[in-house]
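Reader: I am new to this structure and should like to understand the reasoning behind the terms applied to it. Please begin with the terms for exposure.

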Amino acid sequence: MSNSQNIPDDIPVTSTDSMLEVVQDPEYLYEWLAGLEATSIDETREVKNDKRRHSIGENLVRHMEMTPFPDLLERLERTPDPVEGTPPHSTLRHPRAMLDAIVHTSDMDGFRLDFEDFSGLSDARRGVFEYLTDPDTSVDDSDLETTGGSDALIHGPMGRGKTTSVSTMIARWMEVNGEAVVWRGTPQRTEWLPLAPWAVVCLPEGVEYSVRLAPPEDGSGFAETDFEPIEVDLEDIVWRVERYSDLDDLNNNVLMSGAFHVVYPDPKFRGCEEITQKASECPPLEYTSIWEAERRRHDPELDDKEATPTSHWWFSWLVHHNVNEERSMRTTWVCDEASNLFKHHASNDNGVYRPKSPPSVSSTSTSDGTACRSCC
């Protein structure tokens, strides 16, 4: 079959008049490709699926060269169990071990499964639900939990694949569930960069920032990385950069269902004290920004206050998300290197808040690892 309709009318480079030379010579080919415009790039990031386009999660799976999840389920049906030696694979024999962590369902999904009405769902989610309702498959919907939220902790030494595993899970969560994913952004670590073309980076309003490419300070690079930091434009790296004014604005206006977000905390803590005063999940918390701490240090009439670590902003974000009545959206929070936030030997006994311990969070998350929480 001829693909001549895909050959441009004009030779796309200026150094030759032969299209054959263009496609055979790497330098000519690079000159051609460098000048092309990605006219369909927006379609690869569609938040809502229709018959012609794929969701962000489905495109993430394609980008990572992973098998679509419905196809993977069918393959596992035919794959011998490594212990028993006969199909199906142990993943399907024990669905609570893995499938329950990937396929998130709600009470509404329970009605969909009961009536087998999958209209309006993405291709991937529809395929999973059709698998669950097929009487000839090994798993049905009763094998999966229908719960409001769940937690996971991946623990292990540095460089053993924790973050890589979570990146794979993120693609699956977004593919199968179409949920919002929030990655805890920190100035020190940027393991989310492989997902940068799909990332919505959320930054607090009124706070200046700079972006530099630099070798890891902890020596965790996989090769020799002896170079000076390079200033780059964040908007050239990621899909979108969004600003938020406070917790309300972030959770109600900025975060999008079906999208991957990297959120950097607000060092001014706008809305943090207010939400902890209203919520019953924790005692009222006090936050002192570095600007306020500096002002008090130079004002003899005011008592000195130590600046609150910016990472403590996340405690109020979690509270706000859990009690937010304006918007209900399934969200998975990824806290890479959880020990940087949930300190070792943290204490939260008897409801007394201590700076090193988050309210209403189990101290089992104090290991060097990646913590994930899925919330409705």
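Author: A residue is termed buried under 20% relative accessible area and exposed over 50%, with partly exposed in between. The model discussed here is predicted.

Reader: Why is Glu74 called partly exposed?

Author: The relative accessible area of Glu74 is 45%. Partly exposed is the term between 20% and 50%, so Glu74 receives that term. Glu74 is located in helix 4, which covers residues 69-78.

Reader: What makes the group of Asp71, Glu74, Asp134 and Asp136 a negative patch?

Author: Asp and Glu count as negative, and a patch requires residues with over 30% relative accessible area and no salt bridge, with like charges joined within 9 Å. Asp71, Glu74, Asp134 and Asp136 form such a patch on the surface. For Glu74, the value of 45% satisfies the area requirement, because the cut-off is over 30%.

Reader: Is Glu116 buried or exposed, and how is this known?

Author: Glu116 has a relative accessible area of 52%. Exposed means over 50%, and therefore Glu116 is exposed. Glu116 lies in the loop between helix 7 (107-115) and helix 8 (123-132). Its phi is near 50 degrees, a positive value in a residue other than glycine.

Reader: Is Phe269 buried or exposed, and why?

Author: The relative accessible area of Phe269 is 5%. Buried means under 20%, so Phe269 is buried. Phe269 is placed in the loop between strand 7 (260-263) and helix 11 (272-278). Phe269 has a positive phi, near 55 degrees, and is a residue other than glycine.

Definitions and conventions. Residues are numbered from 1 along each chain as its sequence is written. This is a predicted model: local features need pLDDT of at least 70, side-chain atom pairs count only at pLDDT 80 or more; totals for chains, interfaces and linings use all residues. Side-chain values use heavy atoms; hydrogens and water are left out. Patches are made of residues with over 30% relative accessible area and no salt bridge: like charges are joined within 9 Å, nonpolar side chains (Val, Leu, Ile, Met, Phe, Trp, Tyr) within 5 Å. Accessible areas come from the Shrake-Rupley method with a 1.4 Å probe; for residues, only the protein chains shown count as cover. A salt bridge is a side-chain nitrogen of Lys or Arg within 4 Å of a carboxyl oxygen of Asp or Glu. The place of a charge is taken as NZ of Lys, CZ of Arg, CG of Asp or CD of Glu. Helices (H or I, at least four residues) and strands (E, at least two) are DSSP runs, numbered from the N terminus. Buried means under 20% relative accessible area, exposed over 50%, partly exposed in between (1.4 Å probe, protein chains only).
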